Amino acid sequence: MSKHSGPPGQPDQPQPGERDAWLSVAARKNRRRRVVLADPRGRGRVLRTIIELEEQTSVGEKLIRDLIRQQLRAAFLLGGGTLTLLALLPLVFYLVPALGDVELAGVRLPWLLLGVLPFPLCYGAGYAYRRLAESHEHDFVSSVDR
Amino acid sequence: MIQNLWSLGLVVVVAAITFLLGYVGSRRANTTPDFLVARRAIPATRNAAAISGEYLSAASFLGVAGLVLKDGIDALWYPIGFTAGYLALMLFVAAPLRRSGAYTLPDFAEARLGSTNLRRFCTFFVICIGVLYLVPQLQSAGLTLNTITGLPAWLGGVVVTVIVVVNVLGGGMRAITLVQAFQYWGKLFAIAAPTFVLFAVFLAGPGNGAQEVDDAGVLRFHKEVSVTTTEQVRVRVEVPMELKAVGQVNGGHANGEVYWGTGTYTVGKGTELWFEKGSPVPVVEDAPTDNAHWLKPQTGGLGGLFETYSLIFATFLGTMGLPHVLVRFYTNPDGKAARRTALHVLYLLGLFYIFPTVLGVISRQYLPHLLVTGQTDAAVLLLPSTMQPNVLGQVLGAIVAAGAFAAFLSTSSGLVVSVAGVVSTDILPGKVRDFRWATVLTGAVAIGLALVLPRSDASLTVAMSFALAASTFCPLLVLGIWWRGLTWMGAIAGLVVGGGLVIGSQVVTVVSSYTGDWAPSVFSMPALITVPVAFLTMVAISKLTSRQRPDDVSRILLRFHAPDPLGFMRDRDVQRFGTAEEKARLADGTRRDPPQPWS
């Protein structure tokens with residue numbers, strides 16, 4: 001675990017006061033601090049961008065807006081695609097009743113389509129999203145960490 | 001009788017292991033964060049097993065097979081929806097919600113929109129959904145105990161409530177995480193083992209007790225059967241038949257041979273019916289009466305299509321709004337772990353749901369008399385001893401009963417913890433003692449309602465709480481996480497309209513079930529209408545009140561979406577909860593090595 005403690009005031013994070021306005025006074029004092037002792041990347045430079053993000057300069061604002069848009073697009077493409085595909089099945093079955101008589105390896109096709117297929121499909125979409133989302137986040141961190 | 005002993009024995013073993021694991025977990029759980037979020041140090045795979053263990057409720061373990069037995073292929077949308085709901089949760093909610101650092105849904109709403117009014121509305125709906133979900137669990141526990149031992153139905157619900165409340169009192173979230181992880185694997189075994197054995201028996205040929213289907217696809221009893229109804233049912237007869245009935249039929253007394261022509265019959269509670277060998281099977285109303293309709297999808301016309309889509313809306317979008325599911329995600333260390341946990345859950349659920357489907361299909365061949373009483377939830381419990389009336393069947397039956405019991409225990413534990421968490425922090429001052437009081441209170445209310453309300457299929461009742469969650473918290477979460485424009489007034493309007501419509505239609509359904517079933521299916525499956533209405537209301541009112549937009553919306557969205565290594569995530573609840581000493585202990589904890597992750 002990389003969570004160790006350090007003396008208060010270590011400049012690895014922005015000052016607590018601004019960020020935690022919603023906390024009570026007592027809570028702000030006692031907040032747990034995350035200090036990474038040996039990080040290959042230069043934390044000092046990252047810090048500057050983080051403060052930029054914090055203070056919503058136009059650069060920081062644009063960065064985070066782009067990230068949100070990227071993540072949302074990935075989620076919509078994968079989730080929307082999978083869910084629409086599944087949600088089309090009842091309509092297809094309704095419009096083409098003959099599908100109910102098709103047999104595949106002794107089992108009727110609709111039973112295979114509904115009983116087996118959706119589960120690997122959902123997992124596959126989830127897996128793809130995890131890869132995408134994590135690579136977006138990785139890109140974001142490296143763009144911050146110039 | 002021997003079967004009862006086997007089953008009772010295994011049920012006691014499950015209860016004992018639950019207590020034991022709870023005790024082991026609770027020895028280390030002594031701070032409020034332990035109680036509420038298990039110190040956020042649970043590995044993703046175990047957390048996923050715990051989430052799945054908690055999620056696979058009576059509706060999944062008994063209800064899916066029962067509905068497949070009754071409704072056929074269209075019932076497969078239940079397991080699909082229960083799984084795909086997790087996909088939606090993972091894509092749109094998991095990581096940002098975890099990074100928001102809120103512990104409960106009201107916490108999230110307040111952190112995002114800064115309104116205590118909104119918080120109160122959220123609290124109300126969390127309690128509604130939680131209790132609505134808890135009631136069928138306890139009722140199914142009663143059914144299970146009644147089926148395997150003949151003990152009165154109320155006792156099962158009371159036993160489950162007591163075990164859950166005592167366990168939660170002991171160790172809170174920390175204790176039940178281990179319990180639930182264990183129970184996922186327990187449930188998987190309990191449903192997989194009988195499925196493999198019974199499926200092999202089934203393939204080996206239509207052996208003992210397989211039901212006959214004639215050329216017209218009409219279900220017929222394979223031997224003389226006597227059926228006793230446990231509550232009033234309406235059955236449909238397609239092929240005229242003769243039978244012996246003692247009790248109430250169509251409001252009048254029946255005693256002896258009767259002739260039933262085509263039509264529907266109302267059979268009173270406690271009526272005994274004798275069917276000859278080869279007699280057609282009367283089927284409860286609204287279920288397909290012959291195998292052709294049972295086998296083929298979407299034979300119910302436009303009404304059936306509407307119901308299917310409504311179910312899809314409710315389950316796909318409702319999962320993300322279930323309080324007991326969300327609370328589990330806060331036990332992840334960060335947003336990335338939350339996403340990985342959700343992915344692992346998808347895999348575990350997909351693995352599980354193959355089995356109840358197979359059992360449901362097989363039980364159509366062996367348990368036609370359940371179609372008369374409508375107690376199809378008992379199919380999984382009765383199938384092993386019906387197919388294998390020997391020691392093997394008894395052992396398998398006992399394993400299934402124990403698995404069902406594990407399902408009630410884990411889901412109820414999760415629900416009680418999440419509802420009690422909300423009650424203790426929003427209504428009571430939020431210390432460990434209040435959490436304990438809230439636990440007792442939640443358990444008492446739930447068991448009271450379970451005893452008072454009429455029992456229906458577990459999956460149907462559960463689908464109602466999914467509809468409520470999809471029409472209230474789904475828009476709040478999705479819009480709150482992805483859209484800057486949401487305001488607290490818009491959120492309240494959406495919650496009230498969406499939740500109000502669902503609760504209203506539920507009331508109409510209950511009233512109509514007492515006064516002759518006049519309500520169309522729009523009222524029992526409202527999600528297809530209520531979810532879009534809730535979304536639209538939330539967006540429209542937010543646009544109208546765009547001045548109320550919180551000033552710090554950019555900062556909040558930054559916290560939700562910034563990758564974890566940047567360190568914007570804040571755990572809000574740890575500071576919110578707890579006494580002065582606990583806070584001091586927490587602060588103290590930062591000055592030495594972090595406590596060993598509990599594993």
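**Exercise 1. Find the handedness with which helix 3 of chain B passes helix 13 of chain B, then describe how the two meet.**

Solution.
Step 1. The crossing of helix 3 over helix 13 in chain B is right-handed. The model is a predicted one.
Step 2. Locate the two elements. Helix 3 of chain B covers residues 44–55, and helix 13 of chain B covers residues 335–366.
Step 3. Take the axes. They come within 8 Å and cross at roughly 50°.
Step 4. Classify the angle. Helix 3 and helix 13 of chain B are therefore oblique to each other.
Step 5. List the partners. Helix 3 of chain B brings Ala44(B), Thr45(B), Asn47(B), Ala48(B), Ala49(B), Ile51(B), Ser52(B) and Tyr55(B). Helix 13 of chain B answers with residues including Ala337(B), His344(B), Leu348(B) and Tyr353(B).
Step 6. Sort that contact between helix 3 and helix 13 of chain B by class. It has 10 nonpolar, five polar and no charged residues.

**Exercise 2. Determine how helix 7 of chain B is oriented to helix 8 of chain B.**

Solution.
Step 1. Helix 7 of chain B runs over residues 105–113, and helix 8 of chain B over residues 116–149.
Step 2. Their axes come within 8 Å, with a crossing angle of roughly 160°.
Step 3. Angles over 145 degrees count as roughly antiparallel. So helix 7 of chain B is roughly antiparallel to helix 8 of chain B.
Step 4. Helix 7 of chain B makes a right-handed crossing with helix 8 of chain B.
Step 5. On the helix 7 side of chain B, the residues in contact include Leu105(B), Pro106(B) and Leu113(B). On the helix 8 side, Thr116(B), Arg119(B) and Val126(B) are among them.
Step 6. Seven nonpolar, two polar and three charged residues form the contact of helix 7 with helix 8 of chain B.

**Exercise 3. State whether Thr83(B) is buried or exposed, and name its contacts.**

Solution.
Step 1. Thr83(B) sits in helix 5 of chain B, residues 77–92.
Step 2. Its relative accessible area is 1%. Buried means under 20%. Thr83(B) is therefore buried.
Step 3. Set aside neighbours within four places in sequence. Thr83(B) then touches Leu346(B), Leu349(B), Gly350(B) and Tyr353(B), and also Phe119(A).
Step 4. Link back to Exercise 1. Leu349(B) and Tyr353(B) are also among the helix 13 residues that meet helix 3 of chain B.

**Exercise 4. Work out which residues surround Tyr184(B).**

Solution.
Step 1. Tyr184(B) belongs to helix 9 of chain B, residues 153–203.
Step 2. Tyr184(B) is buried, at a relative accessible area of 0%.
Step 3. Compare sequence with space. Ala50(B) is 134 residues from Tyr184(B) in sequence, yet their C-alpha atoms are 6.7 Å apart.
Step 4. Leave out neighbours within four places in sequence. The contacts of Tyr184(B) are Ala49(B), Ser52(B), Gly53(B), Leu56(B), Leu348(B), Leu351(B) and Phe352(B).
Step 5. Ala49(B), Ser52(B) and Leu348(B) also take part in the contact between helix 3 and helix 13 of chain B.

**Exercise 5. Profile each chain by secondary structure, burial, contacts and surface.**

Solution.
Step 1. Chain B has 24 helices and nine strands. Chain A has six helices and two strands, in the order α-α-α-α-β-β-α-α.
Step 2. In chain B, 63% of the 599 residues are buried. In chain A, 36% of the 146 residues are buried.
Step 3. Consider contacts with a separation of 6 or more. Pairs 24 or more positions apart make up 83% of these in chain B and 63% in chain A.
Step 4. Chain B exposes about 20400 Å², 63% of it from carbon and sulfur atoms. Chain A has an accessible surface of about 8100 Å², with 62% from carbon and sulfur atoms.

Technical notes: Residues numbered from 1 in each chain as written. Chains lettered and ligands numbered in written order. Predicted model: local features only at pLDDT ≥ 70, side-chain atom pairs only at ≥ 80, totals over all residues. Heavy atoms only, no water. Helix = DSSP H or I, 4+ residues; strand = E, 2+ residues; numbered from the N terminus. Buried < 20%, exposed > 50% of the residue type's maximum accessible area, 1.4 Å probe, protein only. Contact = heavy atoms within 4.5 Å. Areas by Shrake-Rupley, 256 points an atom, 1.4 Å probe, with all protein chains shown as cover. Axes fitted to C-alpha atoms, helices over the stretch in contact; angles between N-to-C directions. Parallel < 35°, antiparallel > 145°, perpendicular 65-115°, else oblique. Left-handed = near helix turned anticlockwise from the far one by under 90°. Nonpolar A, V, L, I, M, F, W, Y, C, P; charged D, E, K, R; others polar.
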